[in-house]
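Dear colleague,

I am handing over the structure below, together with some notes on what turned up in it. Please have it open beside this message as you read.

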Amino acid sequence: MSVYTFRGLTMGDGTDVLIDGPLTVESLDVDIQNDNLPAYHGAIPGDSYAVGSSNPLKIVVVGTALTTLTDQVLAAFAPSVSTEDPFVWDDRLRYCRVKSRKVTRKAGSTVVNVLLSGSDPAIYAAVLSSDSLAVFATSAGLSYPVTYPKTYGAAGSGAGTVVSNNGTWETWPTLTINGPTSGVLTDPIIENVTTGKTIALSAEGGAQIGVGQQLVIVSHPRIRSIAFASGASRYLNLFVNSEFFPLAPGNNELRFKGSGVTTDASCDVEWRDAWI
């Protein structure tokens, strides 16, 4: 058996709230939707996207505290208007909500059949992974007027950090820029060297991060934001050619740059390995 959790309720092994049948990665089906190009004879396929899916779950409540446990299950699996919560089993989780629920009361047990619906097709690692990027210092360049022998300046330092998505599907990281120990960091840039995509906060005067400040970039398309802990948004500072990037399966080389004072500034990266 396995242990399952949802909205604070623990089920499965060692409890009187049982899951009838295994819930595995393989049991979570995925549907693919084609975005066809319009105004043509015949089907001309456009991009293809994985869409959310629904999965049935059978819960059996037993034990001496049957009424109390049943109330707890019904509260945990109450229909939700808009939010999706993590359903966790073993070392995996999936964000979902209750689409339907049917309750059957029997002598000595209660059976609750629910249908879980998730808009995100991915399955994620239950444990959050993290790493930290130091500021990349660029080359000093060639000094003018040129003298011989030529001095081309110091090479760049602080090579990119490789973070690994150990799953099989893209995952969207949360990036937290930490201000320097003195002065102000300006125009921060975060690059995914592997995929060639960049998030640059250099528009409209650029974002400025001072001592003790943290600017959090949530990259997932469903909840995307760029804001300080106070809630002050810096979305308008996003440079026009910027692209929010996911971490591709495997290794991703990330690089963090900035202007102004960069002493001890850093960028923390948090992500969950993803499968589909």
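What follows is an account of some salt bridges and of one strand pairing.

Please keep in mind throughout that this is a predicted model. The structure holds seven salt bridges, and I will go through some of them here, beginning with those that involve Arg 222.

The side chain of Arg 222 meets that of Glu 84 in a salt bridge, with 3.4 Å from N to O. This pair links distant parts of the chain, since Arg 222 sits in the loop between β17 (214-218) and β18 (225-228), while Glu 84 sits in the loop between α1 (66-76) and β7 (85-89), 138 residues apart. Arg 222 also forms a salt bridge with Asp 120, where the closest N and O atoms are 3.8 Å apart. Asp 120 lies in the loop between β9 (109-118) and β10 (123-125) and Arg 222 in the loop between β17 and β18, so this pair ties together parts that are 102 residues apart in sequence. Taken together, Glu 84, Asp 120 and Arg 222 are linked in a network of salt bridges.

How buried or exposed are the members of this network? Arg 222 has a relative accessible area of 43% and is therefore partly exposed, because that value falls between the cut-offs of 20% and 50%. Glu 84, at 17%, is buried, and Asp 120, with a relative accessible area of 7%, is buried as well.

The loop that carries Arg 222 belongs to a hairpin, which joins β17 to β18 through six residues. These two strands run antiparallel and are joined by four bridges, and within the pairing Leu 215 stands opposite Phe 228 in β18.

A further salt bridge is found between Glu 191 and Lys 257, whose closest N and O atoms are 3.5 Å apart. Here the partners are in strands, with Glu 191 in β14 (residues 184-192) and Lys 257 in β19 (residues 250-260), and the pair links distant parts of the chain, 66 residues apart. Glu 191 has a relative accessible area of 19% and counts as buried because the limit for that class is under 20%, whereas Lys 257, at 22% relative accessibility, counts as partly exposed.

With best regards

Key. Residues numbered from 1 in each chain as written. Predicted model: local features only at pLDDT ≥ 70, side-chain atom pairs only at ≥ 80, totals over all residues. Heavy atoms only, no water. Salt bridge = Lys/Arg side-chain N within 4 Å of Asp/Glu carboxyl O. Buried < 20%, exposed > 50% of the residue type's maximum accessible area, 1.4 Å probe, protein only. Pairing = 2+ DSSP bridges.
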